[in-house]
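Please open the model in your viewer and keep the selection panel at hand, since the tour moves from one selection to the next.

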Amino acid sequence: MAPQTHFLEGKKIIVAGAGIAGSTFVAALYKLWGPTLSFPEIAVFDRGLREPKREGYSLSLNGENEHGGLIALQQLGVLDDILEHTVFPLNSGRFKMWDSKWNELISLQLKPFGTLPTGTMRIARKDLRRILTEKAEQAKATFHWGFACTAAERLENGRIKVTVASQTGDTSVHECDLLIAADGVHSKIRGSFRPDDKTKYAGAIQMGGQGSFPNGPPSPLEQNWGMMLSGQGVSCFFSAVDKENVVWGLSQREPERNDYYPRAGGLSADQLAALKKEALSLGHMFAEPFRTIVEATDAARAFMVPARDKEPIVHGASLAGLVFIGDANHAVSPFAGNGANLALKDGWDLAEALCQAASLNAAVAAYDKTSLPRAAETLKMSHDRISMVHLTGIKHKLFRAGLATGRLFLSSK
Ligand SMILES: Cc1cc2nc3c(=O)[nH]c(=O)nc-3n(C[C@H](O)[C@H](O)[C@H](O)COP(=O)(O)OP(=O)(O)OC[C@H]3O[C@@H](n4cnc5c(N)ncnc54)[C@H](O)[C@@H]3O)c2cc1C
């Protein structure tokens with residue numbers, strides 16, 4: 001028999017961040033909520049606008065096991081819409097590893113879990129965001145776009161006070177019974193409650209960007225995405241974003257720099273020229289179309305970012321009434337290729353735990369039990385991957401031999 005009451009009835013929830021994790025959470029809670037129960041009041045604040053300006057890359061969504069983002073999208077009921085926006089035809093596009101001359105080292109097609117039609121796919125981030133936003137907006141929740149949560153603190157009565165700033169700088173204060181921190185890697189909520197819990201440099205930087213190809217991505221990137229390995233400590237990721245644009249990211253292991261280009265607002269002409277010069281010099285061993293893609297990169301979509309990540313959060317008593325999901329909880333670098341998948345599953349699993357449990361504490365414990373191990377596994381895998389794609393000398397040769405004989409097991413993209 002469905003429960004007659006629920007501990008969240010009549011309560012107020014604030015969701016900080018309407019990105020992948022936050023939108024999924026709101027949509028999932030609305031979908032799973034008991035029909036006879038009254039839905040809690042939900043206010044969602046996102047510092048960005050509803051149509052973000054910078055959503056310029058594509059993502060791998062995975063579905064090879066129950067922790068894949070495709071499972072969460074299926075549970076939400078938006079999988080068909082997502083599949084319509086696949087960058088590559090389903091089950092024909094593959095993740096590849098190539099040597100510096102584009103010779104194939106490995107080609108992966110993940111086996112789908114359950115009733116999923118594919119084990120992996122690529123989607124433009126903007127398409128994923130739009131589909132999730134539209135789904136979340138169907139929930140009984142109020143969305144405040146262009147409003148940043150700048151700080152939060154617990155009040156003596158146990159409720160949480162959140163300070164919100166508009167884009168014009170006006171501030172307001174809002175109280176809630178439950179705060180969902182989904183405000184991404186640089187979470188202000190995490191900064192308020194866990195100021196020492198910061199991301200750490202993971203040992204590599206990625207420089208890259210996007211180039212436009214009106215006649216379609218150059219071969220072999222019209223059908224596949226993946227990583228080029230040099231064996232000289234440099235690697236480069238490539239993927240089509242849509243039928244015209246290709247994103248690339250060149251990396252090597254190196255000490256952290258302090259001169260990264262700004263992520264927002266694009267690069268100046270001088271910065272773009274310097275980035276291209278450095279990329280072409282570092283990736284001198286990579287055969288065409290590497291040079292063509294680098295040359296085609298435009299200033300608005302170029303980047304140089306350090307790989308940074310952090311351990312997942314264990315929600316103890318000090319965090320009562322507060323739950324971290326997605327990158328706000330367990331930031332992983334792009335080398336993981338799994339942060340969006342984790343964010344999707346976090347959103348769904350937290351909503352499910354809240355609906356099924358008898359108390360908030362029990363729900364958060366159930367969420368941690370599911371979310372923590374997969375985030376820790378992704379973190380470890382991304383560190384292994386950073387080592388692997390930058391191998392040199394004999395270690396690289398052994399790795400290639402392992403690939404060639406199929407002895408090396410690669411669990412995801
Ligand atoms: C180049 C690159 C490639 C990647 N490739 C993949 C991939 O192939 N597969 C994969 O699974 N993952 C990939 N990722 C990781 C993935 O994009 C992230 O892990 C994912 O976006 C995390 O989702 P999130 O909802 O936690 O955070 P976000 O998507 O960053 O959303 C956070 C939201 O919070 C809002 N916000 C921020 N601060 C505040 C504030 N103070 N107040 C209110 N709102 C705020 C933001 O506007 C945003 O809408 C990649 C990342 C990068 C950078």
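**A tour by selection**

Begin by selecting helices H1 and H9, whose crossing is right-handed. What you have on screen is a predicted model, and in it the axes of H1 and H9 come within 8 Å and cross at roughly 30°. Since angles under 35 degrees count as roughly parallel, H1 and H9 are therefore roughly parallel to each other.

Keep H9 selected and add helix H10, which spans residues 360-389. Here the axes of H9 and H10 are 8 Å apart, and the two helices pack at an angle of about 160°. With angles over 145 degrees counted as roughly antiparallel, that makes H9 roughly antiparallel to H10. The crossing in which H9 passes H10 is right-handed.

Next, select the ligand together with the residues around it, which number 33. Ala21, Asp46, Ser60, Arg125 and Asp327 are the ones that come nearest. If you colour this shell by residue class, it divides into 13 nonpolar, 10 polar and 10 charged residues.

Which elements should be shown alongside the shell? At least two residues each come from helix H1 (20-32), strand E2 (41-46), strand E3 (58-62), helix H4 (125-136), strand E8 (147-154) and helix H9 (339-356). Of the elements, H9 gives the most to the shell around the ligand, namely four residues, so the helix that you selected at the start of the tour is worth keeping in view.

Now zoom in on the oxygen atoms of the ligand and go through the polar contacts one at a time. At Arg125, show the side chain, where an N or O atom is 2.7 Å from an oxygen atom of the ligand. At Ile20, show the backbone instead, because the N or O atom that lies 3.0 Å from a ligand oxygen belongs to the backbone there. At Asn338, a backbone N or O atom is again the partner, lying 3.5 Å from an oxygen atom of the ligand. If you then switch on a surface, note that the ligand has 1000 Å² of accessible area on its own, and that the protein covers 89% of it.

Leave the ligand and turn to the backbone of the loops, starting with Pro220, whose place is in the loop between strand E12 (200-212) and strand E13 (224-229). The peptide bond that leads from Ser219 to Pro220 is cis, with omega near 5°.

Then select Pro289, in the loop between helix H6 (269-282) and helix H7 (290-295). The peptide bond from Glu288 to Pro289 is also cis, and its omega is near 15°.

Finish at Trp102, which lies in the loop between strand E4 (94-98) and strand E5 (104-108). The value to check here is phi, which for Trp102 is near 70°, a positive value in a residue other than glycine.

How values were computed. Residues are numbered from 1 along each chain as its sequence is written. This is a predicted model: local features need pLDDT of at least 70, side-chain atom pairs count only at pLDDT 80 or more; totals for chains, interfaces and linings use all residues. Side-chain values use heavy atoms; hydrogens and water are left out. A residue is near a molecule or strand if one of its heavy atoms lies within 4 Å of it. A polar contact is a pair of N or O atoms within 3.5 Å; within protein, one must be able to donate a hydrogen and the other to accept it, and residues adjacent in sequence count only if both atoms are side-chain atoms. Accessible areas come from the Shrake-Rupley method with a 1.4 Å probe; for residues, only the protein chains shown count as cover. Ala, Val, Leu, Ile, Met, Phe, Trp, Tyr, Cys and Pro count as nonpolar, Asp, Glu, Lys and Arg as charged, and the others, Gly among them, as polar. Axes are lines fitted to C-alpha atoms, for helices over the stretch in contact, and angles run from 0 to 180 degrees between N-to-C directions. Angles under 35 degrees count as roughly parallel, over 145 as roughly antiparallel, 65 to 115 as roughly perpendicular and the rest as oblique. A crossing is left-handed if the near helix is turned anticlockwise from the far one by less than a right angle, and right-handed if clockwise.
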